[in-house]
Amino acid sequence: MKSLKIAAALFSTLAVTSAMAASTGTLTISGTVALVNDIVVTPNANATALNITGGETAKLVASVSESSNNLNGYKITMASQNGGQLVNGANSNIKTAYKVGYNGQSSVSLSTGASTVKTVNSLTGLTSASSDVKVDVTALPSAAAGTYSDTITVSIVAN
């Protein structure tokens, strides 16, 4: 009886050992690429030299460098601190409207909320693009002296 128990124990040890051994095995390897959605806004001298009394049409004020690796693409949005108005620094009741054109598209009025000005629907990998920013300023012939300004926030957002 004792021999039978030893034989059974030896057989079960061999069965477990052979279940763990195989003729093939697998190894999973991987790496991760972080999402890139970067934007650099580079204003030019025109950005701070707009003609308030005479107005402007399609005046180049900046270039924007865009980089993304999101396969679903991205959007460029713009928002205006003053709701699309160039406001006199000394008297916020004195202002004139402007519109913005992005990447050769028609000019649009901005609001304080984000407005989409460019959509890229898909990418195959890291992609970079450069887009021009142009403004149309409504002439304010009777403008009071002072600096008229607004701050535009430009964002890149993954689709």
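The side chain of D150 makes a polar contact with the side chain of S80, at 2.3 Å. The structure is a predicted model, and this briefing considers the surroundings of D150 together with strand β3, which covers residues 74-80.

**Residue D150**

- D150 lies in the loop between β8, residues 148-149, and β9.
- Although D150 is buried, it has no salt bridge.
- The nearest side chain of opposite charge belongs to K95, which is 11 Å away; a salt bridge would require the side-chain nitrogen to be within 4 Å of a carboxyl oxygen.
- In addition to the polar contact with S80, the side chain of D150 reaches the backbone nitrogen of N82 at 2.8 Å.
- When neighbours within four places in sequence are left aside, the residues in contact with D150 are S80, Q81, N82, G84, Q85, L86 and Y98.

**Strand β3 and its cover**

- Strand β3 is mostly covered, as 6 of its 7 residues are buried.
- The residue range of β3, 74-80, includes S80, whose side chain makes the polar contact with the side chain of D150.

**Pairing of β3 with other strands**

- Strand β6, residues 115-120, pairs with β3 in the antiparallel sense over 5 bridges.
- Within β6, T119 is the bridge partner of K75.
- Strand β9, residues 152-158, also runs antiparallel to β3, and 7 bridges join the two strands.
- Within β9, S155 is the bridge partner of T77.

How values were computed: Residues numbered from 1 in each chain as written. Predicted model: local features only at pLDDT ≥ 70, side-chain atom pairs only at ≥ 80, totals over all residues. Heavy atoms only, no water. Buried < 20%, exposed > 50% of the residue type's maximum accessible area, 1.4 Å probe, protein only. Helix = DSSP H or I, 4+ residues; strand = E, 2+ residues; numbered from the N terminus. Pairing = 2+ DSSP bridges. Lys, Arg positive; Asp, Glu negative; His and termini not counted. Polar contact = N/O pair within 3.5 Å; in protein donor to acceptor, adjacent residues only side chain to side chain. Contact = heavy atoms within 4.5 Å.
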